Amino acid sequence: MSDPAPTSSYLLRGTAAGNTLRLIGMDSTRVVEDARVRHDLSKTATAALGRTLTASALLSVVLGKRHDSRVTVRVEGDGPVGWIVAEGSADGRVRGYVRQPHADLPLRELDGKLDVSGLVGTNGELAVTRLLDNGEPYTGSIRLVSGEIAEDISAYLGVSEQIPNAVLLGVYEEGERVTYAGGLLVQAMPGVTDETLARLEANIRAIGQITTALRQGGLMAVMERAADGLGLTLAQGAQDVSFQCRCSREKASDSLKFFSAAERQEMMDDGGQEIVCHWCGEKYQISPDEIAALDAADTRARA
């Protein structure tokens with residue numbers, strides 16, 4: 001069975017060890033490349049945001065209660081990138097951004113790899129917001145473990161959600177382009193044995209860097225290696241995942257209502273106002289007539 005054509009990002013789901021392990025894998029190459037272009041990200045910022053975007057999509061499957069559930073991941077350390085925010089939806093939409101998209105660091109001297117931990121920082125917090133069964137938002141948080149994202153997500157699941165797990169995340173860039181990106185989240189379910197967990201741990205250790213495994217065999221092979229000897233059963237079909245924002249021209253225009261009438265008049269005198277969505281980088285040019293319509297609607301509402 002071969003991987004789906006890599007024309008879009010996608011999720012695969014499976015179980016192993018008699019349904020005592022749950023596996024969610026993602027090829028996020030297209031999503032991360034889209035984010036890089038939208039936000040004009042540096043190499044290391046691309047890796048940091050790419051890992052977080054992938055994690056948000058994986059968490060939306062594990063923590064989401066409905067088909068359209070959203071999970072927001074915020075990473076804020078003491079590194080030069082500032083904060084990272086990503087939102088994943090169970091219906092396959094993700095979006096996200098970083099505070100300082102051009103922040104970058106030299107490759108690590110030890111192994112020549114991107115210094116994501118240095119860019120993020122190790123002194124800070126990871127927070128995950130999701131909806132509870134009653135529809136109320138809940139935010140859990142932990143102190144950053146390493147700033148590498150995967151270790152931090154794994155620690156969050158273990159500490160805040162009480163979910164034994166293994167997490168792999170990675171982004172690989174060649175030249176100015178993202179060529180491989182992906183993630184794997186394995187969740188231990190009730191009834192899992194110590195023998196199964198020991199085998200899983202050995203399998204995960206043998207995979208090493210997930211981007212290397214993706215280059216060698218694709219997402220399907222990564223999941224098969226993670227469940228080697230544990231009887232992997234894959235769910236039928238893959239779920240497409242794409243970078244999609246919930247912004248719109250109407251929302252951009254409505255945001256100007258929070259400015260005073262004098263400020264909006266100044267915008268009209270200047271020929272209009274450009275609104276840039278921080279989530280996706282989309283630019284909306286709001287004309288003087290559209291701004292004037294906001295004042296007219298406000299006047300009618302008060303009449």
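Three exercises on a predicted model follow, each with a worked solution.

Residues are numbered from 1 along each chain as its sequence is written. In this predicted model, local features need pLDDT of at least 70 and side-chain atom pairs count only at pLDDT 80 or more, while totals for chains, interfaces and linings use all residues; side-chain values use heavy atoms, with hydrogens and water left out.

**Exercise 1.** Determine how many disulfides the model has, and examine Cys 245 and Cys 247.

Solution. Start from the criterion: a disulfide is a pair of cysteine sulfur atoms within 2.5 Å. The count under this rule is zero. For Cys 245, the nearest cysteine sulfur belongs to Cys 277 and is 3.6 Å away, and Cys 245 is in no disulfide. For Cys 247, the closest cysteine sulfur is in Cys 280, also at 3.6 Å, which is too far for a bond.

Next, classify accessibility (buried under 20% relative accessible area, exposed over 50%, partly exposed in between; 1.4 Å probe, protein chains only). Cys 245 has 22% and is partly exposed. Cys 247, at 22%, is likewise partly exposed.

**Exercise 2.** Is Ile 149 buried or exposed, and where does Ile 149 lie?

Solution. Ile 149 lies in the loop between strand S7 (137-143) and helix H4 (150-159); helices (H or I, at least four residues) and strands (E, at least two) are DSSP runs numbered from the N terminus. Its phi is near 80°, a positive value in a residue other than glycine. Ile 149 counts as buried because its relative accessibility is 0%.

**Exercise 3.** Locate Ala 17 and state its phi.

Solution. Ala 17 is in the loop between strand S1 (9-16) and strand S2 (21-27). Its phi, near 50°, is positive, and the residue is not glycine.
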